[in-house]
Amino acid sequence: MGPVSGRRRRRRAAQFGLGLSLLLVAAAGTAYPLWWQHRQDTVGSAEVRALEHADARAAAGAGPCTTAPGPGVLRIASTHVVAPVLAGVTDNVLNTSVGHVTTTPWPGQPGLAILEAHDVGYFAANGALRSGDQVTYTTGCDEYTFAVTGKTVEKPGQAIDAPSGAGIALISCWPTNALWFTNHRLVVLASLVARRTVRGGAAGTAPAGRPAAAQPVATLPPAVPGGQPSVFSYVHAGTLKLTGSPSAAFRSSPQPLAWLGAALGALAAYRQGAETHALWLLLLVKHSPPAAWDTMPLGSIYAAEQVSGDRVEAVTLLAKFGAHTVDSMTIQPIGGHLYVTGGGVWPAPAVPPPS
């Protein structure tokens with residue numbers, strides 16, 4: 001009895017140590033995109049304000065109209081995007097801005113201007129763009145308006161069928177909800193339909209930055225310890241899907257990633273509580289028994305956020321191995337805090353709450 005129990009304890013301790021090590025190694029998978037998104041919003045908004053200030057002075061006659069075709073400000077009204085466009089596609093540029101491929105003309109000039117951005121950033125909602133949606137580019141006193149003509153999914157380096165005249169190509173990773181690197185690119189093409197010179201204060205500029213959803217991101221219950229390493233591996237990243245009726249502002253804000261990070265934090269807390277048989281686990285779990293998640297998933301973690309307008313109603317996490325779902329967990333905000341409200345192998349029958 002003793003030796004067997006000892007071996008079991010050592011085996012469980014080894015499994016727990018391995019799982020914790022994987023969690024620590026994988027923590028950057030969530031931390032990096034969240035930190036990156038915050039940096040883009042703060043630094044990118046400052047860059048937009050600087051460009052818009054110079055444009056506004058020129059439009060009001062208080063400053064010279066620049067003859068340079070760039071840098072400038074890109075606006076996509078249907079997805080609530082206001083982004084600085086800077087030369088180059090290096091990491092330093094793409095971390096905070098939309099990058100302009102310098103071997104192509106600037107937007108509004110003859111030929112096809114190629115603009116690139118990360119899928120979890122300014123171009124996160126490009127998959128929702130439709131033919132006819134307008135994209136504007138402003139530099140100095142010139143404003144160029146483009147109309148979307150189509151979109152395709154290509155492989156990196158694949159030739160693009162450029163529209164005649166002046167046009168732009170907006171390129172990001174595909175799918176646009178991928179949580180890490182992918183082998184395909186979404187290409188949105190748009191053609192120049194109008195150009196105007198703004199001088200003498202004829203038009204104001206759009207507010208800098210992207211609107212953020214008003215709902216604060218829920219946190220763990222006060223008695224539940226946080227700070228656990230996030231359960232996420234960028235090597236095995238799945239996708240983030242928004243369901244329900246999310247607003248365009250929510251889709252294009254940092255909120256989806258922020259809620260994902262909070263949900264993964266709740267999953268990590270649950271796993272830690274389950275491993276250590278902590279009493280506070282009873283404060284985190286409500287209603288039906290949650291998924292086991294007793295081992296670190298070897299496949300990919302997918303997330304689905306149920307959203308109404310700007311409000312998140314639930315986050316479902318799925319651990320998949322190939323096409324097979326191994327575990328699922330539903331996490332809901334209640335009273336400003338996150339609770340595990342369900343789970344199991346997907347799809348699972350409804351489990352009545354314990355009497």
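# Exercises on a predicted model

The largest nonpolar core holds 30 residues, and Leu 284, Leu 317 and Ile 331 have the most contacts inside it. This is a predicted model, where local features need pLDDT of at least 70, side-chain atom pairs count only at pLDDT 80 or more, and totals for chains, interfaces and linings use all residues. Residues are numbered from 1 along each chain as its sequence is written, and side-chain values use heavy atoms, leaving out hydrogens and water.

## Exercise 1: the cores

Find which elements supply the largest nonpolar core, and which residues Leu 284 touches.

*Step 1.* Start with the term: a nonpolar core is a set of buried Ala, Val, Leu, Ile, Met, Phe, Trp, Tyr and Cys residues joined through side-chain atoms within 4.5 Å. Buried means under 20% relative accessible area, with a 1.4 Å probe and protein chains only.

*Step 2.* At least two residues of the core come from each of strands S9 (237-246), S10 (300-309), S11 (311-321), S12 (324-334) and S13 (337-344), and from each of helices H4 (255-276) and H5 (281-284). H4 gives the largest share, ten residues. Helices (H or I, at least four residues) and strands (E, at least two) are DSSP runs, numbered from the N terminus.

*Step 3.* Now look around Leu 284. Beyond four places in sequence, its contacts include Leu 220, Ala 266, Tyr 270 and Val 340; contact means heavy atoms within 4.5 Å.

*Step 4.* A second, separate core has 23 residues, among them Val 85, Ala 117, Val 148 and Leu 170.

## Exercise 2: the barrel

Work out the strand order of the closed barrel, then find the partner of Gly 99 in S4.

*Step 1.* The eight strands of the closed barrel follow the order S1-S2-S3-S4-S7-S8-S6-S5, with mixed pairing. Two strands pair if DSSP finds at least two bridges between them.

*Step 2.* Zoom in on S3 (residues 98-100) and S4 (residues 111-116): they run antiparallel and are joined by two bridges. Gly 99 has Glu 116 of S4 as its bridge partner.

## Exercise 3: confidence

Decide which element has the lowest mean pLDDT and which the highest.

*Step 1.* pLDDT is the predictor's confidence in each residue, from 0 to 100. The chain has a mean of 74, with 65% of its residues at 70 or more.

*Step 2.* Among the elements, helix H1 (residues 2-59) has the lowest mean, 51, and S4 the highest, 94.

*Step 3.* Residues 15-32 stay under 50, and the model has 25 contacts beyond four places in sequence for them. Residues 346-355 also stay under 50, with seven such contacts.

How values were computed: Buried < 20%, exposed > 50% of the residue type's maximum accessible area, 1.4 Å probe, protein only.
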